[in-house]
Amino acid sequence: SYGQPPARGWPQLAPVARVLRSADLAAVNYEGTFAPGGPSKCGGPDSDNCFAFQAPPANARTLARAGVDIVNLANNHAFDFGPEGYRGTRAALHRAKVRATGAPGQIRVFRTGGGARVAFVGFSSYPWSAPLNDLGRVARLVRAAGRRADIVVAMFHGGAEGSDRMRVPYRREFAFGEDRGHLRAFARRAIDAGADAVLGSGPHVLRGMQRYRGRLIAYSLGNLTGWRNFGTGGVLSYTALLTIELSPKGRLTRGRVTSLRLNGIGVPRRDPANGAQRLMRRLSRSDFGKSAVWFTKRGLPHP
């Protein structure tokens, strides 16, 4: 109903493709479906306040073209068009040679050019995903991933949504009547079980980063791109790509925040003022104190 982007969505990712392609592995959270059919979840009486996202299956190839290796489907929009839409999304990604993670018990393992094995797991609070709110199962899945790989990356979709939700509270978060998790507890449990990086999405705004046991936790990286499907005013326009380097034992050694601003449509552009980087540094300091982390101009983690 909002129209489709031209060129299979390439204008949405073209401005950041260089950064994505430069990584050994590039991962994003994909909120929506690649499928031609299936019943929309928005057919009920609350349809005016419901959003269901669907793109043509061929658009999945644009993710591969931009350099994306894996997407997290553990989120609230993966089932916007039911099981049929979910299956169609995974099939479209498979044809595009983009892997997906986030289903219950699912572990995706890559081998980098240097020979390291990197496992990805994804969590959210929905039945089609690995459970964010069951910390015992979180630990078991992370440990299982650790038995198959040298480095484990845990992705999650959780937290309250909105321009006033940039802080990470010491409690559970709720949105639209849903329990979106106690994210501080989740992230620590994942790292205690062996995760080497925890990367978050869900609030649709930037949040801070912290280091725990030498590992990085990024609680939210905002909205990378959309097409007239979410607000882009004020702090909602700030977004970022996070590039991190991990040691063979999974410790954070270097990193970079690529600051972006979304235009009115939802397409990212480089921000010469580095607004996202400055905002994330401020949020990190205020939320995490001595465990806050940001990166120097040389890419070294500080403090």
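1. Quick key for residue classes: Ala, Val, Leu, Ile, Met, Phe, Trp, Tyr, Cys and Pro count as nonpolar, Asp, Glu, Lys and Arg as charged, and the others, Gly among them, as polar. With that split, the lining of the second largest pocket has eight charged residues, four nonpolar and no polar.

2. Housekeeping: this is a predicted model, where local features need pLDDT of at least 70, side-chain atom pairs count only at pLDDT 80 or more, and totals for chains, interfaces and linings use all residues. Residues are numbered from 1 along each chain as its sequence is written, and side-chain values use heavy atoms, with hydrogens and water left out.

3. Back to that pocket (on a 1 Å grid over the protein atoms alone, an open set of points where a 1.4 Å probe fits, with protein on both sides within 12 Å along at least five of seven lines; lining residues have an atom within 4 Å of a point). Its lining includes Arg 165, Arg 167, Arg 171, Arg 172, Arg 207 and Asp 287.

4. Asp 287 also turns up among the buried residues (under 20% relative accessible area, 1.4 Å probe, protein chains only) of helix 7, alongside Leu 279, Met 280, Leu 283 and others. These buried residues sit on the same side of helix 7, because they cover an arc of only 160° around the axis (taken from the directions from the helix axis to the C-beta atoms).

5. Helices here are DSSP runs (H or I, at least four residues), numbered from the N terminus. After helix 7 comes Gly 289, with a positive phi near 55°; Gly 194, which follows helix 6, has a positive phi near 125°.

Key
Helices (H or I, at least four residues) and strands (E, at least two) are DSSP runs, numbered from the N terminus. Buried means under 20% relative accessible area, exposed over 50%, partly exposed in between (1.4 Å probe, protein chains only).
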